[in-house]
Amino acid sequence: MKEAKADQFSDPPPVMESDSPPSPEPDFTFAFNDRNFSDRVLRIEILPDVLDYKSDGEAFASISDWARNRKRRRAESKRESAEDIIVQCEEQVLNCNMPDTEDFAACENQDEDAVGMIESPSGSHLNLDSVRNYVNDEAAGSNDSSWIWDCSTVLRVETIHISSPILAAKSPFFYKLFSNGMEQSEKRQATLRIHESEEAALMDLLNFMYSNTLSTTTAPSLLDVLKAADKFAVASCMRYCSRLLGQLPMTRDSALLYLDLPSSVLMVDAVQSLTDTAKKFLADRYRELSKFVDEVLNLPLAGIEAVLSSDDLQVASEDAIFDLVLKWARLHYQNVEDRREVIASRLARLIRFPYMSCRKLRKVLSCNDFDPQLASKIVLEALFYKSETPHRQRSLAVENANATYRGFVDRSYKYRPVKLVEFELPRPQCIVYLDLKREECARLFPAGRVYSQAFHLGGQGFFLSAHCNMDQQNSFQCLGLFLGMQEKGSVSFAVDYEFSVRVKPGEEFLSKYKGTYTFTGGKAVGYRNLLATPWTTFMADDSIYFINSVLHLRAELTIRQ
């Protein structure tokens with residue numbers, strides 16, 4: 001009989017994943033904390049919190065209060081001495097506390113794992129290994145348990161009658177706890193140690209394991225239960241909490257808190273939909289980035305990552321993203337080495353360098369906030385991309401569409417990127433290529449315009465602008481193209497220019513207009529009907545001007561001596 005009992009937990013319960021709706025799980029609410037339906041006693045030792053604060057779920061009614069309290073606790077913890085932090089962290093790892101890694105950076109062991117013990121009638125105790133290693137580690141733990149009992153004062157002890165099969169079926173942690181190989185005993189107890197702030201969440205979690213439901217509905221309490229479910233490896237409860245949190249109204253504070261959950265929680269598939277929703281909420285909230293610059297600069301790292309990962313940001317150009325990232329990094333990381341580290345590991349991948357202007361790429365090379373080797377690699381890759389044919393660029397963008405780093409995917413830029421070829425001799429000259437997608441052109445109707453990024457010739461800034469406007473006789477709408485000079489003032493600049501467009505079937509550039517113009521600051525020159533054709537003909541399905549749904553424009557500029 002003893003052998004049969006020892007084998008009841010011989011194999012871990014399989015975790016079944018299915019796309020079909022799960023069948024209703026049995027409700028064992030009647031058996032919770034009832035000695036008639038229990039085979040063990042769970043002894044819960046309550047320890048004082050390292051920092052003096054009440055349970056998040058009990059003390060705060062709103063997620064904003066919860067967030068402010070969490071920030072306060074972090075500030076307090078960072079004021080502790082390095083020695084105190086190490087001591088506290090050791091206690092927490094041993095006693096089922098789950099610190100955030102960034103709160104206790106001085107501690108080497110930052111895994112957020114629960115600690116359980118089995119008490120036999122003789123009074124011996126077994127320290128379990130971390131939950132993360134329970135599958136591969138056959139050893140039950142350390143034989144020396146004296147340090148477990150002496151490391152902190154127990155405030156009080158709660159006891160609950162439990163059914164080990166019910167808990168083991170729900171949680172690999174409890175499965176490991178109950179299948180450690182010790183001899184069976186009618187009076188054997190399972191002992192857990194937790195901090196006082198975790199008590200309410202643990203009780204809710206244990207109740208869930210019997211009833212498959214939670215009585216709590218507030219975001220702070222659900223977050224506490226979610227972290228407890230992660231700690232004790234109760235995947236079904238994590239899914240349940242994530243679903244309930246996803247049904248609550250999303251706010252800026254709640255989105256940031258969801259993204260700031262411990263890394264072990266964020267990696268769970270059940271939480272992915274919640275974090276994806278939080279990222280989308282932040283990206284949508286700050287889509288018009290120029291209106292929220294100050295607010296975005298005050299976002300934490302996870303927040304700015306969510307915002308700048310979006311393809312739909314409405315920004316002037318990728319140059320503006322580069323400037324914003326540098327400003328954010330300098331605000332949050334005053335130490336240059338720390339700043340270089342966070343840029344290299346987290347922020348650089350948010351910048352789409354291939355769409356930056358060549359002028360700004362030069363600044364990347366000289367920027368002290370970037371590691372020189374990283375800066376060289378980034379700029380080289382961007383220049384290689386710019387030198388590719390449009391077809392190859394589109395292929396790279398498609399290949400990159402589902403990647404974490406979407407460096408080859410452009411955004412909704414107010415100023416469209418251009419390709420630029422410059423010559424110094426025999427005269428200062430540049431050739432500018434501006435590509436517009438068919439859908440971008442369609443959005444110009446009936447009276448819209450789109451501008452290129454600025455480019456420079458002879459020390460002066462120029463830009464191209466494509467318009468949907470009426471022709472010279474005001475008869476019909478058509479495509480216009482104009483060349484303007486940025487700088488205002490008394491500077492005058494004589495420039496020879498030529499506008500061309502690539503056409504089918506040869507797909508060669510065809511010159512449309514050429515001329516000479518003396519620019520003064522803020523002035524522009526161009527043609528209202530560049531293609532000498534109505535807008536409807538230009539946009540027709542059989543239009544000769546769209547090659548693979550892209551309009552290719554070219555402007556050649558030469559400074560007159």
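The following exercises, each with a worked solution, concern a predicted model of a protein.

**Exercise 1. The overall picture**

Determine how many helices and strands the protein has, and what share of its residues is buried.

*Solution.* Begin with the secondary structure: the protein has 22 helices and 18 strands. Next, consider burial: of the 561 residues, 48% are buried. Then turn to the surface, where the protein exposes about 28100 Å², with carbon and sulfur atoms supplying 50% of that area. Finally, examine the contacts with a separation of 6 or more: residues 24 or more positions apart account for 69% of them.

**Exercise 2. A salt bridge between two strands**

Decide whether the partners Arg 193 and Glu 45 are buried or exposed, and state where each one lies.

*Solution.* First, establish the pairing: the side chains of Arg 193 and Glu 45 form a salt bridge, with a distance of 2.5 Å from N to O. Second, locate the partners: Arg 193 belongs to strand S4 (residues 189-195) and Glu 45 to strand S1 (residues 40-47), so the pair links parts of the chain that are 148 residues apart. Third, apply the cut-off for burial, which is under 20% relative accessible area. Arg 193 has a value of 1% and is therefore buried. Glu 45, at 2% relative accessibility, is likewise counted as buried.

**Exercise 3. A salt bridge within one helix**

Explain why Lys 280 and Asp 284 are separated by about one helical turn, and describe the exposure of each.

*Solution.* The side chains of Lys 280 and Asp 284 meet in a salt bridge of 2.8 Å, N to O. Both residues lie in helix H13 (residues 269-285); because they are four residues apart there, about one helical turn separates them. For exposure, the relative accessible area must be over 50%. Lys 280, with 54%, is exposed, whereas Asp 284, with 33%, is partly exposed. As a general principle, side chains of opposite charge can pair when their charged atoms come close.

**Exercise 4. A buried residue without a salt bridge**

Identify the side chain of opposite charge nearest to Asp 471, and state how far away it is.

*Solution.* Start with the position: Asp 471 is in the loop between strand S12 (460-470) and strand S13 (477-485). Asp 471 is buried but has no salt bridge. The nearest side chain of opposite charge is that of Arg 528, 6.8 Å away. A salt bridge requires the nitrogen and the carboxyl oxygen to be within 4 Å. Arg 528 is nevertheless among the contacts of Asp 471; neighbours within four places in sequence aside, these are Phe 476, Cys 478, Arg 528 and Asn 529.

**Exercise 5. Backbone features in loops**

Which residues are joined to Pro 426 and Pro 446 by a cis peptide bond, and what is the sign of phi in Asn 474 and Ser 549?

*Solution.* Take the prolines in turn. Leu 425 and Pro 426 are joined by a cis peptide bond with omega about 0°, and Pro 426 lies in the loop between strand S8 (419-423) and strand S9 (429-437). A cis peptide bond also joins Phe 445 and Pro 446, with omega about 10°; Pro 446 is in the loop between helix H21 (438-442) and strand S10 (449-452).

Now consider phi. Asn 474, in the loop between S12 and S13, has a positive phi near 60°. Ser 549, in the loop between strand S17 (546-547) and strand S18 (550-559), has a positive phi near 65°. Asn 474 is exposed at 55% relative accessibility, while Ser 549 is partly exposed at 39%.

Definitions and conventions. Residues are numbered from 1 along each chain as its sequence is written. This is a predicted model: local features need pLDDT of at least 70, side-chain atom pairs count only at pLDDT 80 or more; totals for chains, interfaces and linings use all residues. Side-chain values use heavy atoms; hydrogens and water are left out. Buried means under 20% relative accessible area, exposed over 50%, partly exposed in between (1.4 Å probe, protein chains only). Contact means heavy atoms within 4.5 Å. Accessible areas come from the Shrake-Rupley method with a 1.4 Å probe; for residues, only the protein chains shown count as cover. Lys and Arg count as positive and Asp and Glu as negative; His and the chain ends are not counted.
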